[in-house]
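Reader: I should like to learn how such a model is read, from individual contacts up to the whole chain. Where does one begin?

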Amino acid sequence: MADSTVIVVGAGPSGLATAACLTHHSIPYILLEREDCFASLWKKKAYDRLHLHLPKEYCELPHMNMPSNYPKYVPKKDFLQYLDNYVDHFGIKPLYKRYLVVASGETCDPYCPEIEGLSSFQGKVVHSTQYKSGKEYEDKSVLVIGAGNSGIEIGLDLANYGAKTSIVVRSPVHILSKGMVSMGLVLLKHLPLKWVDNLLVLVSKIVYGDVTKYGLTRPQEGPFYLKVAFGKYPIIDQGSLQKIKSGEIQILPAIRSIRGNDVLFKDGRSYAFDSIIFATGFKRATNQWLKQSFPNNWKGKNGLYCAGLARRGLYGAAMDAENISNDIKKRN
């Protein structure tokens with residue numbers, strides 16, 4: 001085993017999980033990270049109120065459970081402490097390479113789309129990675145561009161701090177509660193995905209009612225199908241929909257152009273804003289060379305492995321780490 005070494009690229013949760021599994025099998029490795037800390041996305045670019053959207057048992061990394069006193073949905077500060085403990089427990093060993101595990105993540109480079117006239121906007125423009133709290137936006141008119149979980153939750157945070165909040169929602173979205181998602185994960189162990197999706201959509205309609213009157217529509221495909229096929233997460237409602245129904249958060253369609261502080265939307269409406277927050281995700285280059293699909297997404301050729309790049313979240317990263325370390329173990 002002395003000549004069997006691995007390079008792991010990226011010290012986020014995927015890289016840490018892979019390193020831990022390699023250590024478990026006594027496989028030497030070197031862990032590379034371009035930032036100056038572990039889990040840089042969580043430590044430097046996550047807003048304060050962020051919580052894991054799945055129960056903690058689905059977000060644990062291999063070979064170390066989260067503390068029993070952690071809440072079901074772990075907040076940012078506790079998850080960071082868990083990662084710090086994880087790093088301390090397993091350590092880092094610099095050695096020569098034989099295998100390459102790419103765990104650079106799918107959320108490494110913030111993405112802001114080009115919008116006609118954006119350069120003329122006089123207010124504050126930031127990406128969601130620069131957003132920390134709605135406190136500085138109190139009484140401001142703020143436009144959040146993007147309706148993923150970050151955009152919806154940032155919209156909720158802004159509204160809670162008294163900002164006049166609008167969110168651009170261009171595509172149909174599923175809205176589920178944390179309880180619905182947890183139920184779905186349990187049912188998927190026993191029922192076909194399509195059955196689970198149909199049940200979740202039915203429950204969502206019963207709980208949230210007709211959302212079209214607020215500017216939202218539901219996709220034709222089910223929430224778990226969209227997650228597996230395209231990596232699209234459902235919206236996890238934590239109070240945002242009530243704010244939308246009450247009018248505290250306004251839903252707007254795609255943007256046509258910007259002129260100064262006035263934003264013109266595809267439906268012809270126009271509003272002035274003090275600030276714009278892009279919750280538009282990240283650039284993704286892995287799809288250009290990562291050709292394998294789930295469940296073999298983690299295994300390439302000639303000693304190349306990929307961890308956490310299949311758009312399956314922390315749960316998928318943990319699975320990849322286990323598969324990679326087991327495969328390297330069998331080869332030696």
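Author: One begins with the term contact, which here means heavy atoms within 4.5 Å. The model is predicted. As a case, Tyr86 is in contact with Leu16, Ala17, Ala20, Leu61, Pro62 and Met64, leaving aside its neighbours within four places in sequence.

Reader: Which residues of α3 are buried, as Tyr86 is?

Author: A general idea helps first. An α-helix has 3.6 residues a turn, so residues three or four places apart point the same way. In α3, the buried residues are Lys76, Asp78, Phe79, Leu80, Tyr82, Leu83, Tyr86, Val87 and Phe90. Buried, in this usage, stands for under 20% relative accessible area.

Reader: How far does helix α3 reach from its first C-alpha to its last?

Author: Helix α3 comprises residues 76-90, 15 residues in total, and spans 21 Å, close to the 21 Å expected at 1.5 Å a residue. Just beyond α3, Gly91 adopts a positive phi of about 70°.

Reader: Against which elements do the buried residues of α3 pack?

Author: Their partners are α1 (13-24), β2 (29-32), α2 (40-44) and α9 (313-331).

Reader: How should one read a nonpolar core, and which residues have the most contacts inside the largest one?

Author: In soluble globular proteins, nonpolar side chains tend to be buried together. Here the largest nonpolar core holds 75 residues, and Val6, Phe79, Tyr82, Tyr86, Leu158 and Leu216 have the most contacts inside it. Helix α3 provides the largest share of this core, seven residues. Because domain 1 (6-101 + 285-330) and domain 2 (112-280) both give residues to this core, it lies between them. There is also a second, separate core of 13 residues, which includes Ile115, Ile145, Ile255 and Ile276.

Reader: Let us turn to the backbone. Which residue in the loop between α1 and β2 deserves attention?

Author: That loop contains Ser26, whose phi is near 60°, a positive value in a residue other than glycine. With a relative accessibility of 57%, Ser26 counts as exposed, since the cut-off for that class is over 50%.

Reader: Is His63, in the loop between α2 and α3, exposed or only partly exposed?

Author: His63 counts as partly exposed, at 38% relative accessibility. Although not a glycine, His63 has a positive phi of about 70°.

Reader: What may one say of a strand residue such as Arg256?

Author: Arg256 belongs to strand β11, residues 255-259, and is partly exposed, with a relative accessible area of 42%. Not counting residues up to four places away in sequence, Arg256 touches Glu116, Leu264, Phe265 and Lys266. A C-alpha distance can be read alongside these contacts: Arg256 and Ser270 are 14 residues apart along the chain, and their C-alpha atoms are separated by 9.7 Å.

Reader: Finally, how compact is the chain?

Author: The chain has nine helices and 16 strands. Its radius of gyration is 21 Å, close to the 20 Å that the globule rule gives for 332 residues, so the chain is as compact as a globular protein of that length. Taken along the principal axes, the C-alpha atoms fill a box of roughly 65 × 45 × 40 Å.

Reader: What share of the residues is buried, and what share of the contacts joins residues 24 or more positions apart?

Author: Of the 332 residues, 48% count as buried. Among contacts with a separation of 6 or more, 68% are between residues 24 or more positions apart. As for the surface, the chain exposes about 16,400 Å², of which carbon and sulfur atoms supply 53%.

Technical notes
Residues numbered from 1 in each chain as written. Predicted model: local features only at pLDDT ≥ 70, side-chain atom pairs only at ≥ 80, totals over all residues. Heavy atoms only, no water. Helix = DSSP H or I, 4+ residues; strand = E, 2+ residues; numbered from the N terminus. Expected span 1.5 Å × (residues − 1). Buried < 20%, exposed > 50% of the residue type's maximum accessible area, 1.4 Å probe, protein only. Core = buried A, V, L, I, M, F, W, Y, C linked by side-chain atoms within 4.5 Å. Domains from an automatic or database assignment. Rg over C-alpha atoms; globule rule 2.2 N^0.38 Å. Areas by Shrake-Rupley, 256 points an atom, 1.4 Å probe, with all protein chains shown as cover.
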